[in-house]
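Here is a friendly briefing to read with the structure open beside you. It starts at the metal site and works outward through the strands and helices around it.

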Amino acid sequence: MLKDKIKSLAKAYKEEVIQNRRHLHSHPELSYQEYETAKFVKSKLEEIGIESLEQKATTGWTALIKGKNPDKKVIALRADMDALPIIEANEVPYKSQNPGVMHACGHDAHTASLLGAAKILNEVKDQFEGTIKLIFQPGEEVAPGGASYMIKDGALNNPRPNGIIGQHVMPFIPAGKVGFRQGIYMASADELYVTVKGKGGHGAMPETLIDPVLIASHMIVALQQVISRAASPKIPSVLSFGRVEALGATNVIPNEVKIQGTFRTLNEEWRAKAHQKMLQIAKGIVEGMGGEVDFEIRKGYPFLQNDPELTARATDAAKEYLGEENVIDLDIWMAAEDFAYYSQEIDGCFYRLGTRNEDKGIVSGVHTPTFDIEEDALEIGAGLMAWLAVAELQKA
Ligand code: NI
């Protein structure tokens, strides 16, 4: 059985995948600056014997592993490679050697896993039909997203994949388990930059001023109507303001207030409507109170939709590989992921690799200075990915 062969190879290469992950972890690079990471990936792929590497979006790669009858079907596997501007607080042998930069979202694990999957797949390529396209992308963490550059640079052409599968570590799921969700899964995320302008002066004479602090307060409250009254109860939406900057004093009303926030949802039509609604409400409140508003919406990633059929097949394949009890259903998550760009173009399946180990204290969330993973999970990270690709090629 090919599945058992893949399992035994994943076991055999586990140590190498861990070493690759540790190398990447100690040499993290920020988004769009993954130069050494890209060199490392290239050298490892060449070492495995994979040719057909194509450089995309400066620090990204695509490569092909052709089975028998390579034109039958094409499945893409994707990993992201960038790290975050965080100072690592873990005291581990593989601690970040680049001060202020840390793989705190597990993209080191994604890259190492895909390299492991590539090695496994290359070794069994005479045992499946079709082609597997490897996609190593830069810049997942920073808008507009490395995925959008990869697509613009032709990563989904020549050959065009029938579907794409991506995995992401999840510190809330125990190592040994994985999670899937069919249909809508992650949110679109737009950044809001608002400036409310009034007329500042002495706090004792408000009647001579236009108080932007009061106006901004009303505006923040009023904007929640977008969620509570304008949004369909069937479409999850979030509006949060995390920064309000009014640089006055107890007795000084400032000239302006700056506000920053995020709007997230799971429906593109509603997303566009919500933008209009926010602008309309903000303008109405601010102008009605005598001020002016500058309301900028910077669009981030689109929402992430997992193709129901591809994801159902992948879930079944994961159950065959790991056992029913180790495959869990995921809830909607209001974070954003640039994998969404691929899944807007072709069928996509984005799933979660459990990396939690409470006994070892590996429980920190992603994007924190103490984030780490249970490395035993990398055996699944590499092996399951390889198996999902092969299982999908084997299905019609
Ligand atoms: Ni991430």
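In this predicted model, a nickel ion is held by Cys105 through SG and by His107 and His168 through NE2, at distances of 2.1 to 2.3 Å. From there you can follow the donors into an open sheet of 8 strands, and then look at an open sheet of 4 strands.

**The nickel site**

- Along the sequence, the donor residues follow the spacing C-x1-H-x60-H.
- Cys105 sits in the loop between strand S3 (74-80) and helix H3 (107-123), while His168 belongs to strand S5 (residues 163-174), so this pair ties together parts that are 63 residues apart in sequence.
- Are Cys105 and His168 buried or exposed? Both Cys105 and His168 are buried.
- For Cys105 the relative accessibility is 7%, which is why this residue counts as buried: the cut-off is under 20%.

**Strand S5 and its neighbours**

- Of the 12 residues in S5, 10 are buried, so the strand is largely enclosed by the rest of the structure.
- S5 pairs with S3 in the parallel sense, over 4 bridges; here Ala76 has Ile164 of S5 as its bridge partner.
- S5 is also joined to strand S16 (residues 347-356) by 9 bridges, and these two strands run parallel.
- To find that pairing on screen, look for Val169, which stands opposite Leu353 in S16.

**The sheet of 8 strands**

- The order across this open sheet is S1-S2-S4-S3-S5-S16-S6-S15, and the pairing is mixed.
- Its edge strands are strand S1 (54-56) and S15, each of which pairs on one side only.
- On average, neighbouring strands are turned by 30° against each other, ignoring direction.
- Strand S2 (residues 60-66) and strand S4 (residues 131-137) run antiparallel and are joined by 6 bridges; Thr62 has Ile135 in S4 as its bridge partner.
- Helix H3 packs on this sheet, where it touches S2, S3, S4 and S5, and its direction makes about 145° with that of S3.
- The 17 residues of H3 reach 24 Å from first C-alpha to last, close to the 24 Å expected at 1.5 Å a residue.
- H3 is mostly covered, with 15 of its 17 residues buried.

**The sheet of 4 strands**

- This open sheet has the order S10-S12-S8-S13, with antiparallel pairing.
- Strand S10 (237-245) and strand S13 (292-299) are the edge strands, each pairing on one side only.
- From one strand to the next, the twist averages 20°.
- Strand S8 (residues 188-197) pairs with S13 in the antiparallel sense over 8 bridges, and Tyr193 stands opposite Glu296 in S13.
- Helix H5 (residues 212-223) packs on the sheet and touches S8, S10, strand S12 (256-265) and S13; its direction makes about 10° with that of S12.
- Helix H7 (residues 268-288) packs on the sheet too, touching S8, S10, S12 and S13, and its direction makes about 165° with that of S13.

**Cysteines**

- How many disulfides does the structure hold? The count is 0.
- Why is there no bond at Cys349? The closest cysteine sulfur to that of Cys349 is in Cys105, 18 Å away, which is too far for a bond because a disulfide needs the two sulfur atoms within 2.5 Å.
- Cys349 is buried, since its relative accessible area is 0%.

**Around Trp333**

- Where is Trp333 found? Trp333 lies in the loop between strand S15 (327-329) and helix H9 (339-345).
- Trp333 has a relative accessible area of 29%, so this residue is partly exposed.
- Leaving aside residues up to four places away in sequence, Trp333 touches Tyr185, Met186, Ala187 and Arg352.
- Trp333 and Leu266 are 67 residues apart in sequence, and their C-alpha atoms are 9.9 Å apart in space.

Methods
Residues numbered from 1 in each chain as written. Predicted model: local features only at pLDDT ≥ 70, side-chain atom pairs only at ≥ 80, totals over all residues. Heavy atoms only, no water. Donors = N, O, S within 2.8 Å, 3.2 Å for Na, K, Ca; no water. Buried < 20%, exposed > 50% of the residue type's maximum accessible area, 1.4 Å probe, protein only. Pairing = 2+ DSSP bridges. Contact = heavy atoms within 4.5 Å. Expected span 1.5 Å × (residues − 1). Axes fitted to C-alpha atoms, helices over the stretch in contact; angles between N-to-C directions.
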